[in-house]
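I set out to read this structure from its strands outward and to keep a short record of each thing I looked up. The entries below follow the order in which I worked.

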Amino acid sequence: MATLLLTGFEPFHTHPVNPSAQAAEALDGTAAGALTVRSALLPVEPHAAARALSSLLVDLRPSAVLLTGLAAGRPQVTLERVAVNVMDFSIPDNAGQTYRDAPACDDPAAPAALLSTLPLRPILAAWRAAGIPGHISNSAGLYVCNFVMYHALRELHLAGRAAVPCGFLHVPANAQVALSVPEERAALPYLPQEEITRAVRVAAEALG
């Protein structure tokens with residue numbers, strides 16, 4: 001059976017959990033249409049994440065790639081339209097590193113940006129049919145989420161597999177993340193983890 005590679009991220013910064021990881025773990029081994037979901041967790045450090053993702057792309061040769069991560073503060077699930085060849089971190093990664101105006105790829109021939117190859121509008125339509133609000137975002141940020149989206153798209157292109165649907169889905173905070181915010185800070189919008197997992201599942205099924 002063909003494979004859908006689904007990735008989430010480990011917890012980072014001050015967040016006690018990462019809802020993208022919980023969704024990926026819950027969906028591992030399930031069917032998404034004609035695809036079997038194979039889930040993996042990525043480290044929140046760009047170079048380690050790139051190594052892990054490269055190995056997964058080679059070993060699994062997935063028919064589709066759905067990368068997911070946490071965008072705390074966003075009120076709903078969002079599909080990313082574009083990844084840019086820039087790292088500019090507002091917080092350190094899990095290795096304690098902060099990058100400023102650094103390229104995501106040192107190759108001078110690397111493009112400045114790469115567009116998602118996911119069927120963005122059909123996924124939005126599938127969410128709407130399932131009663132899940134969502135939208136398309138035109139910025140994946142400049143942190144590790146943007147980095148892995150850029151890396152995955154470029155790796156597939158270099159391998160002659162640019163037609164493989166690949167892109168990034170940001171999820172909002174879940175209750176655990178929202179409850180961890182100190183009272184003196186602005187409250188985070190959140191969704192129950194079950195609804196986040198359902199949104200990822202519906203997106204995965206739209207690829208199958």
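The notes that follow concern the sheet, two of the helices and one loop residue.

**Entry 1: the model.** I noted at the outset that this is a predicted model.

**Entry 2: the sheet.** I asked in what order the strands of the open sheet run. I found 7 strands, arranged E2-E3-E1-E4-E9-E5-E8, with mixed pairing. I then looked up the edge strands, which are E2 and E8 (134-137), each paired on one side only. As background, I recorded that strands of a sheet pair through backbone hydrogen bonds, either parallel or antiparallel.

**Entry 3: the partners of E3.** I turned to strand E3, residues 35-42, and found that it pairs with strand E1, residues 2-9, in the parallel sense over 8 bridges. Within E3, Ala40 is the residue opposite Thr7. I next examined strand E2, residues 31-32, which runs antiparallel to E3 and is joined to it by 2 bridges. There I located Ala31 opposite Thr36 of E3. The hairpin of E2 and E3 has 2 residues between the strands, and Gly33 takes a positive phi near 65° in this hairpin.

**Entry 4: helix H1.** I asked which residues of helix H1, residues 19-27, are buried. I listed Pro19, Ser20, Ala21, Ala23, Ala24 and Leu27. These buried residues pack against strands E1, E3, E4 and E9, and also against helix H5 (175-179) and H6. After H1 comes Gly29, and I recorded its positive phi, near 85°.

**Entry 5: helix H6.** I followed helix H6, residues 193-207, and saw that it lies across E1, E2, E3, E4 (64-70), E5 (77-80) and E9 (166-171). Its direction is at about 160° to E4.

**Entry 6: Ala71.** I located Ala71 in the loop between E4 and E5. Is this residue, Ala71, buried or exposed? I entered Ala71 as buried because its relative accessibility is 13%, and the cut-off for buried is under 20%. I then looked up its contacts, leaving aside neighbours within four places in sequence, and found that Ala71 touches His170, Val171 and Pro172. Ala71 and Val171 are 100 residues apart along the chain, yet 5.9 Å separates their C-alpha atoms.

Technical notes:
Residues are numbered from 1 along each chain as its sequence is written. This is a predicted model: local features need pLDDT of at least 70, side-chain atom pairs count only at pLDDT 80 or more; totals for chains, interfaces and linings use all residues. Side-chain values use heavy atoms; hydrogens and water are left out. Two strands pair if DSSP finds at least two bridges between them. Helices (H or I, at least four residues) and strands (E, at least two) are DSSP runs, numbered from the N terminus. Contact means heavy atoms within 4.5 Å. Axes are lines fitted to C-alpha atoms, for helices over the stretch in contact, and angles run from 0 to 180 degrees between N-to-C directions. Buried means under 20% relative accessible area, exposed over 50%, partly exposed in between (1.4 Å probe, protein chains only).
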